[in-house]
Amino acid sequence: MERLFTYEEANDLVPWLEERFAAMQPLRTELVDEQENLLGLLRRRRSNGHSSSEEEIAAAENVVTRLTHRLQDAVKEITDRGILVRDIGRGLVDFPSNREGKIVHLCWQRGEPSIDWWHPTDTGFAGRRRL
């Protein structure tokens with residue numbers, strides 16, 4: 001059974017979430033850069049005239065794997081609390097909650113000072129409604 005948050009419980013986690021997503025941003029950026037590097041190495045290996053060494057490719061794959069695991073661990077720290085991570089880049093999360101007897105999602109995005117939005121569980125960000 002998923003955890004249900006009161007507005008106060010969810011809102012109290014906003015500063016903690018800001019910190020978590022702030023710490024994830026450089027990691028996410030580094031991962032994207034390293035993935036692009038790996039793709040470049042793989043393309044050069046396949047092209048005529050220039051090849052990447054298997055050692056270079058293996059090293060790049062190891063870096064991507066390590067960064068992926070670190071980012072997954074950071075997301076898991078959030079999801080383990082019952083918070084639904086929707087978009088790491090935007091810092092978008094949902095908190096399952098009860099509103100007038102129905103399960104809804106309290107919606108928060110990095111940079112917002114507090115939780116001011118909600119939406120039904122069958123709609124996403126586009127269906128956000130002001131609390």
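N11 lies in helix 1, which spans residues 7-12, and the model in which it is placed is a predicted one. Leaving out residues up to four places away in sequence, N11 touches S114 and I115. A further link across the sequence is given by the C-alpha atoms of N11 and L106, which are separated by 9.4 Å although the two residues are 95 positions apart along the chain.

Helix 1 belongs to a protein chain with three helices and five strands, and these elements, read from the N terminus, run α-α-α-β-β-β-β-β. The radius of gyration of the protein chain is 19 Å, well over the 14 Å that the globule rule gives for 131 residues, so the chain is more spread out than a compact globule. Taken along the principal axes, the box filled by the C-alpha atoms of the protein chain is roughly 65 × 30 × 25 Å.

Of the 131 residues of the protein chain, 35% count as buried, and the accessible surface comes to about 7900 Å², with 49% of it belonging to carbon and sulfur atoms. Among the contacts in the protein chain with a separation of 6 or more, 46% are accounted for by residues 24 or more positions apart. As for charge, the chain carries 19 positive and 23 negative charges, and the mean positions of these two sets are 3 Å apart.

The interior can be described through the largest nonpolar core, which holds 29 residues, and in which L17, I83, F95 and W108 touch the most other members. Helix 2 (14-46), helix 3 (54-79), strand 2 (92-99) and strand 3 each supply at least two residues of this core, and helix 2 gives the most to it, with ten residues. In soluble globular proteins, nonpolar side chains tend to be buried together. I83, one of the core members named above, touches F5, L13, W16, L17, I78, V93, D94 and F95 when residues up to four places away in sequence are not counted.

Three residues from the strand region can be set side by side by place and accessibility.

| Residue | Place | Relative accessibility |
|---|---|---|
| R86 | strand 1 (residues 84-87) | 45%, partly exposed |
| E100 | loop between strand 2 and strand 3 | 75%, exposed |
| I103 | strand 3 (residues 102-109) | 39%, partly exposed |

R86, in strand 1, is in contact with L92, V93, D94 and H105, leaving aside its neighbours within four places in sequence. Two of these partners, V93 and D94, are also among the residues touched by I83. From R86 to D116 the C-alpha to C-alpha distance is 17 Å, and the two residues are 30 positions apart in sequence.

E100 sits in the loop between strand 2 and strand 3, where its phi is near 55°, a positive value in a residue other than glycine. With a relative accessibility of 75%, E100 counts as exposed, since the cut-off for that class is over 50%.

I103 is found in strand 3, an element that supplies at least two residues of the largest nonpolar core. I103 itself, however, has a relative accessibility of 39% and counts as partly exposed, and because a nonpolar core is a set of buried residues, with buried meaning under 20% relative accessible area, I103 does not meet the condition for core membership. Its contacts, not counting residues up to four places away in sequence, are with E2, L4, S97 and T121. For T121, which is 18 residues away from I103 along the chain, the separation between the two C-alpha atoms is 7.0 Å.

Conventions: Residues are numbered from 1 along each chain as its sequence is written. This is a predicted model: local features need pLDDT of at least 70, side-chain atom pairs count only at pLDDT 80 or more; totals for chains, interfaces and linings use all residues. Side-chain values use heavy atoms; hydrogens and water are left out. Helices (H or I, at least four residues) and strands (E, at least two) are DSSP runs, numbered from the N terminus. The radius of gyration is taken over C-alpha atoms; the globule rule is 2.2 Å times the number of residues to the power 0.38. Buried means under 20% relative accessible area, exposed over 50%, partly exposed in between (1.4 Å probe, protein chains only). Contact means heavy atoms within 4.5 Å. Accessible areas come from the Shrake-Rupley method with a 1.4 Å probe; for residues, only the protein chains shown count as cover. Lys and Arg count as positive and Asp and Glu as negative; His and the chain ends are not counted. The place of a charge is taken as NZ of Lys, CZ of Arg, CG of Asp or CD of Glu. A nonpolar core is a set of buried Ala, Val, Leu, Ile, Met, Phe, Trp, Tyr and Cys residues joined through side-chain atoms within 4.5 Å.
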